[in-house]
Amino acid sequence: MATIPHTYIQSGRYYFRRRARLTESLHAQVTLALGTREPVLARHRAASLSVRFTELTGRVAMFIERGDRLTQAMIDEIFDTELRSCLDDLLLGFHAADDPRAVANAYRTAAAAFRLAQRPAAVRDIGMAEHERLLSQGFDDITVEGVAADLDRYAHPDHVADEMIEEWIAALGMLPSRASYKAVAAVITRAHGRAHELASRYLDPEIQDSIDPTAALRQRARDEGFRPFGLAGGSPIAGSQVAGATPPTNPEPVALAPAAVVATPNSRFLVHSTRRFSEAIDEIAAAMKAEKRWTGDISQQVRVMRSFAWITGDKALGDYTHLDVGEFKKALQLLPKGFQWHDHFDQPYEVVAKKVDAEKSAYERAQDKSKLKPFVPRQAVTINRDLSYMSTVAQYLAQNEWAPLIPNTDVLNFTKALIRNAKPTGKTPVRPPWKVSQLREMFTAPVWTGGRGHLERLYPAPPEDVYQDAGYWLPLLLYYSHAALNEIAGLKLDEVSLDTPVPFVTVKNNNLRGTDDELRGEKRAARGRDIPLHREIMRLGFRSYVEAMRKEGHAALFPELWINSRKNGGAQFRERAWVPLMAWAEQRMTLPTGLNGKGVDLHSIRKTGSGFYAVENVPDIVRADIMGHARTGTNGLHYSFRELSEDQYVALSEARDLMEGRITVITDHLQPQALKVLPLPHRSRFGAPPKKLA
């Protein structure tokens, strides 16, 4: 077996070891026990740890490079953000107070306290010189006492919350230290002082006479450049003159991504990236694939990203705002089900949207809709899926070009745009289960009772002409195991255990269901399970089929489903066998339909199986284990592991007894037939059914 990168084996167990060179003289080495002897599990854990190790060493290197100094760019970011936030909060006080002038006076008193807190010594008491200066500025002895109280209570750098300081240090990639704490606290104090001074002018006539007083005050702040105010009678003190900070003459911009510059005053991001969104799509897709956040075929996720770029005008990454989330959601709700995105990317979205909206309006107004193409809106769950993909994209970009200016915030929050209660509720499901009687009739099709060969499997023939392949066995296994389509379609022969006290199949991640050498198949952890085989499956000759596939040298239980690179597994079976079989069934019976007109399908067989346990005296834990559902409750999550306390085959035997006691046998009319198989390319190709005789 190939060696696993960054691991070594000691006493049969795997250990992870990585070494990083941070500086010429500083090296770091990490060794961790992976807690397993299994190579597959060790490879997965080592890969995850490698990603985390690279991320952390990068952060440490950044901390070492930047140190604990504040550059001019950092000072501006902290000051501008804190000023805006504090000013917005203060202005709310005027609308909640009975006496707005008292509020303005309180802000003026606090502004004087903050001004005193900016002195180099930053002491907490007011000396004679400061007392006289305040009196000359219009304060009296009582209000001077108020200034002293505010200075002692909250207007001093020591009163800035450690959590706020730590958020800024983390956001700016600084090295936490006493110097960096004091420097950040000093900038925040100056910003809050400036906000109080501006808020104290809110009732000035030139502000109140404007159409929007709040906007006018903010404009005054912009006109004054968001510069910290100076001491009374002195010149403004530049933002670089912060205790503990020694910015260089030409400070370096904070560069977190290619083609990025320091954030502009109106930007919501730490940096303003000029790279177009479409230029980042390939990078995002590769990163999500590497981090295992997206696995398998990710063409759908790439299509969603390209759709977002198209709908929003493919702007520079730094130009995106929260408004683009709403525009994207609005477009998803406008464009109909089955919309061919790639056919429209060469046209502006606005042009296509007007055309689609006109078609929708025409369809809604038409009295005779039979002559028009139906306009079917996209389902809420589909819209939520696309928003979830973009939420993952935003989380990735938030590490670099979409890093927020305000720590612990999301500039583009797609999660909040999700449609609540997207899944329909009620007694009628979206896709209903099969009726047991209808499945019984389906298993009377020539596929199981005798049919012709390639492309004529649904034409009647003598009983001995039964060909065994996925077309024959897969629907039977779905019914008697309650597994999902791709769980059965993706089984490998080494996951079928017949020479055991209880024959069973194992559902687990394998390389058939994965792509690019990934092991996939378990939709969630609970889906990995052993499923006992119903005796009816064994009676019909499943062993002979399995042995024949092993003799042919295949890895897959149903090899014909994996010879097409365009579609494979369950998709291949659906196209080649299930669609013709459904046409045969629709000729003979009226099939159930659910919400939105959806009819029964392959997954409906699993729903029928689950219904067998919707009765009394069926333990939820056993039912969940059979179906591959997640256990719930303390007992289910932490206790009741029968296969560990007794034996694997005891648990399998009990599960099989429960299944056989609940499942209605609907294939007792079928008899085991001598094994006959078609050439591999012809297997599971049913062809259209014959036309039903009148």
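These legends describe several close-up views of a predicted model.

**Figure 1. Overview of the protein.** The protein has 694 residues, and 44% of them count as buried. Its secondary structure consists of 26 helices and eight strands. Among contacts with a separation of 6 or more, 68% join residues that are 24 or more positions apart. The accessible surface is about 35,600 Å², and carbon and sulfur atoms make up 52% of that surface.

**Figure 2. The largest nonpolar core, with Phe 542.** This core contains 63 residues. Trp 473, Phe 542 and Phe 558 have the most contacts inside it. Helix H17 (residues 470-481) supplies the largest share of the core, nine residues. Another core, of 46 residues, lies apart from this one and includes Val 304, Leu 387, Leu 397 and Ala 417. In soluble globular proteins, nonpolar side chains tend to be buried together. With neighbours within four places in sequence left aside, the contacts of Phe 542 are Trp 473, Leu 477, Val 496, Leu 498, Leu 533, Ile 537 and Leu 557.

**Figure 3. The packing of helices H11 and H14.** H11 and helix H14 (residues 380-397) meet at an angle of about 85°, and their axes are 10 Å apart. An angle from 65 to 115 degrees counts as roughly perpendicular, so H11 and H14 are roughly perpendicular to each other. On the H11 side the contact is made by Gln 300, Gln 301, Arg 303, Val 304, Met 305 and Phe 308. On the H14 side it is made by Arg 385, Asp 386, Tyr 389, Met 390 and Val 393. Sorted by class, the contact of H11 with H14 holds six nonpolar, two polar and three charged residues.

**Figure 4. Gln 301 in helix H11.** Gln 301 is part of H11, which spans residues 299-312. Gln 301 counts as buried because its relative accessibility is 8%, and the cut-off for buried is under 20%. Beyond its neighbours within four places in sequence, Gln 301 is in contact with Trp 294 and Tyr 389. Tyr 389 is also one of the H14 residues that meet H11.

**Figure 5. Tyr 107 in helix H3.** Tyr 107 is located in helix H3 (residues 100-117). With 12% relative accessibility, Tyr 107 counts as buried. Residues up to four places away in sequence not counted, Tyr 107 touches Leu 90, Gly 93, Phe 94, His 196, Ala 199 and Ser 200. Of these contacts, Gly 93 is 14 residues from Tyr 107 in sequence, with a C-alpha to C-alpha distance of 10.0 Å.

**Figure 6. Two loop residues with positive phi, Ser 11 and His 482.** Ser 11 sits in the loop between strand S1 (7-10) and strand S2 (13-21). Its phi is near 55°, a positive value in a residue other than glycine. His 482 lies in the loop between H17 and helix H18 (485-489). The phi of His 482 is also positive, about 65°, although His 482 is not a glycine. Ser 11 counts as exposed because its relative accessibility is 64%, whereas His 482, at 0%, counts as buried.

**Figure 7. Helix H23 and the glycine after it.** Helix H23 covers residues 620-627. Its buried residues include Ile 621, Ala 624, Ile 626 and Met 627. Gly 628 comes just after H23 and has a positive phi of about 80°.

Key. Residues numbered from 1 in each chain as written. Predicted model: local features only at pLDDT ≥ 70, side-chain atom pairs only at ≥ 80, totals over all residues. Heavy atoms only, no water. Core = buried A, V, L, I, M, F, W, Y, C linked by side-chain atoms within 4.5 Å. Buried < 20%, exposed > 50% of the residue type's maximum accessible area, 1.4 Å probe, protein only. Helix = DSSP H or I, 4+ residues; strand = E, 2+ residues; numbered from the N terminus. Contact = heavy atoms within 4.5 Å. Areas by Shrake-Rupley, 256 points an atom, 1.4 Å probe, with all protein chains shown as cover. Axes fitted to C-alpha atoms, helices over the stretch in contact; angles between N-to-C directions. Parallel < 35°, antiparallel > 145°, perpendicular 65-115°, else oblique. Nonpolar A, V, L, I, M, F, W, Y, C, P; charged D, E, K, R; others polar.
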